[in-house]
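Hi there,

Here is the structure I promised to pass on to you. Please open it alongside this email, and read my notes below as you look around.

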Amino acid sequence: MTQFSIVVPTLNESENIDLLLTQIFALDIPPASYEIIFVDDSSSDGTPEKIRAWQKESRVRLIERDGKPDLAASVLAGAAAAHSDVIVVMDADLSHPPDQLNALVSPVLLGQYDVVIGSRYVAGGDTHDWPLHRRLLSRIGGLLACPVCDVNDATSGFFAFRRPLAAQVSSQAKGYKVLLEILMANAGNLRIKEIPIRFRDRLHGASKLSLTHQFAYLQRLMTLAGGAVSMNTAGRFAVVGLLGVVVDALTFQWMISRDAGLALAHFTSFLAAVVFNYTLNTKWAFVQHGADRALQWRQFGRFLTVGALALLLRGGVLALFVDVWRIPPEFAIIPAILAAAAINYLGAAFYVFPDAKNVSPPDLRWRVAAIGLILFCVLLRLIYLGVAQLIPDEAYYWQYAQHIDLSYYDHPPLAAWIIWLGTAVLGDNEAGVRIGAFLSHLIGMAFLYALAQNLYGKSVALRTIMLYAVLPFGFGTGLLMTPDAPMVAAWIATLFFLERALIAGQSSAWIGAGIGFGVGLLAKYTLVLLGLAALVFVLVDPTARRWLRRPQPYLAALLALALFSPVLIWNYQHEWASFLFQTTRHAAGGSQFSAHFLLLYCALLLTPAGFLAAAWLFFSGDQRQKEPAQHRKQLFIRIFTGIPFLVFLIFSAFDHPKFHWNGPVWLAALPAIAWMIDANTPGRFARWLRKSWPPTLIACLLGYALTLHYLVLGIPGIPYAMFTQHYFWRETTAVVQQIADEVRQQTGQEPIIAGMSKWSIASSLYFYNHAHRSLDIRSRNLFGDTGVMYDYWLPAQPPTTRPVIQIAMKPAHLDHIREGDNLKQMLIAPGEIMSRVITRNAVPLRRVYYRVSGGVKGSQ
């Protein structure tokens, strides 16, 4: 009885037939248990004749196909003609090892798996003697498919499967990756195993792989993922897009030639192209997807959403080329248009005009959405990180990097070290400062994906990093270089290793936990809350309690302490100043009940949908927790979320927390929140939460893109009414330089610039003046108040008759540092409070307030 059928598609493989069959027949497999079906696609080198010569063997059969060669069609034809219900597919060129046939087919024959794949990309797999470009193309192809089908080698041509699975494959299936067709057609219903194989390059004949095959594979992958991506629609969209580019570019050039301004020209030309493109797309490119009027309105709303995101992202590209790389606007608009066109096409294919004939299951739709949202967030940050000006906090930590040390008075040193490295590579600019935050975010995404995969699986893991990329606390830490950026990455890494140690029982994971914990403490002391949560978990969970009697946790603690030693050394050298500052600064401000503010900040950082989902999960939980293993995972999530949050809640009963402090608290809960997005959890509230996620995520993306565009290029017709006190320091510094030049000319002396805040004004002026170094800048510690690290870098000086220019964000700050004091008494011949309007391209941005005095008498 035939137990399995080997299907071998052929096209001009005459030199390999004898070798292949000789090796297969030499295997220790009962002859009657299998058949070999060759499916030939009109070979011209005598391949059919070679096969017929072997047909004296009853196990060898030949099917000859006419028409255009197509590997997928050949495999499906062979499967349809098979005499068994288990099919093995392999190439004829001996690239697939025949000696692995038994290992490949046995799990399917035994009913353990539905599909078994000979994989080049699992442990033990290899691509022997392949040139580098072949390896790269193959690996990239597999990686592109991995997020939507959960296998490492979806492009493998060596696999076994149950024949009924082939019946689900679409009649539109084409190309050379039939395995992908089978996996996607039966998504969510398969038991899949991958075994390692050593893939060898062919010895005889020529490879059939071409660039056309690569494009066909990409097109088919996008179609299988639910996109309206056919050669027909792609070609029509390309024609419409090219015409739109012409409309866009000509309109932009016309506006620029009339001095309309970069932002107005960019907006107007884009809108002209959008109207043109949408009309042609709905009437021609995607006409087969047209439907009733309600659907058309929904499509139009989605089109506006995608268009807005493309517009706001292309504004960043335009600013990058014009303001950073100094490319004339007439040329810079071209790459900006191309970037927007790519966003528009993918958005149209997957979101605006999805394939109505190929409705994907919800899990696949969320996977595709997650990939799109993650990539957009990464691209948005990457484009704007070198264009948007630094906020004062970032400028302050850049000042840290100018005074590199073991630690600092108000923060540990890791942010400074990362900024020093980034600026050493990219220069003292915005990109050099922020690249560390960007890379820290990518590291955090990798560890968070691994953590969520361990807890819930790959699909939930993808949605988890989507939430991390899109929710406010994650997006902000991936863009702004503050201590939170490396701290969050270290928090996630520590969570991952603690889960491996406490849940999976891996002793070696304690080393990673110790490193993550120590590195995190070098970023921010907040990470100590994870140590507290770990201790609680060990005490509560009976299985984890055994670690109290083992050396690994204590060695991890010693490793963390060793990594943290620079901070200890600095504090020892400075009379424990940093630790005293952190423990006393809140007590000095008196008691203030602020729990309601903490809850508000949680809702801001997680969005209301995220915060409500976290609360619901914390009190209701995952319905699968009845299983012991799942119960321990739920306990892990609750403790590593609940203990840090409880600490902040207690703190907020006596003091006002900063709005961003609680962000890391929710990292352990993100996988559970992501699980809920596509979980069939009963109840009206759970259903409402699931429906709230799409508009929440879109609103977040639009909010980030709009804010960044507003800060960098502006929005035509909208004045700069926001951020006026804390932003636009590049333009403000130029005005302060003008004021200093005027004072220098009037007095013949070098003025002292006193930023009337602890550190924000002085740091911002320092950063945007560092190229000229024409200003002598101090903090308000010049007047006897604290300037945090400025007390170490530039201690308060004795009385001086050099002119002093006070710079403030508000007029009152020029007269008072604390309530009841009077700075005029400390000044020599203080002038009147004055202000100047800060502008950019004749557009008002903000005001700066200043006073010029003849000197300082000294602090009182």
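The lining of the largest cavity is made up of 8 nonpolar, 2 polar and 1 charged residues. Please keep in mind that this is a predicted model. If you would like to find the spot, look for Ala614, Leu617, Phe618, Gln634, Ile637, Arg638, Thr641, Trp666, Ala669, Ala672 and Ile673, which line this cavity. Its volume is about 80 Å³, and the structure holds 2 cavities of 30 Å³ or more.

Which elements give two or more residues to that lining? They are α23, α24 and α25, the last of these covering residues 670-677. The most comes from α24, which supplies 4 residues.

Since α23 and α24 both appear there, their packing is a good next stop. Helix α23 spans residues 595-619 and helix α24 spans residues 628-652; their axes come within 13 Å and cross at roughly 155 degrees. An angle over 145 degrees counts as roughly antiparallel, so α23 is roughly antiparallel to α24. The crossing of these two helices is left-handed. On the α23 side, the contact is made by Ala595, Leu598, Leu599, Cys602, Leu617, Phe618 and Phe619. Facing them from α24 are Arg638, Gly642, Phe645, Phe648, Leu649 and Ser652. Sorted by class, this contact of α23 with α24 has 10 nonpolar, 2 polar and 1 charged residues. You will recognise Leu617, Phe618 and Arg638 from the cavity lining, as they also take part in this contact.

Helix α24 has another partner to show you. The axis of helix α15 (residues 430-456) comes within 10 Å of the axis of α24, and the two cross at roughly 140 degrees. Are they parallel, antiparallel, perpendicular or oblique? α15 and α24 are oblique to each other. Asn454, Leu455 and Tyr456 of α15 make the contact with Gln630, Lys633, Gln634 and Ile637 of α24. By class, the residues in this contact are 3 nonpolar, 3 polar and 1 charged. Here too there is a link to the cavity: Gln634 and Ile637 are among its lining residues.

For a further helix pair, move to α5 (residues 132-149) and α12 (residues 362-384). Their axes come within 9 Å and cross at roughly 135 degrees, which makes α5 oblique to α12. In this pair, Pro147, Val148 and Cys149 of α5 meet Leu364, Arg367, Val368 and Ile371 of α12. The contact of α5 with α12 has 6 nonpolar residues, no polar ones and 1 charged.

One last place to visit is a loop. Pro795 sits in the loop between α29 (790-793) and β12 (804-808). Which residues does Pro795 contact, leaving aside neighbours within four places in sequence? They are Asn781 and Tyr790. Pro795 and Leu782 are 13 residues apart along the chain, and their C-alpha atoms are separated by 7.5 Å.

Happy exploring, and best wishes!

Key:
Residues numbered from 1 in each chain as written. Predicted model: local features only at pLDDT ≥ 70, side-chain atom pairs only at ≥ 80, totals over all residues. Heavy atoms only, no water. Axes fitted to C-alpha atoms, helices over the stretch in contact; angles between N-to-C directions. Parallel < 35°, antiparallel > 145°, perpendicular 65-115°, else oblique. Left-handed = near helix turned anticlockwise from the far one by under 90°. Contact = heavy atoms within 4.5 Å. Nonpolar A, V, L, I, M, F, W, Y, C, P; charged D, E, K, R; others polar. 1 Å grid on protein atoms, 1.4 Å probe; cavity = no way out; pocket = protein on both sides within 12 Å on 5 of 7 lines; lining within 4 Å. Points joined across faces, edges and corners; volume = space filled by probe spheres on them.
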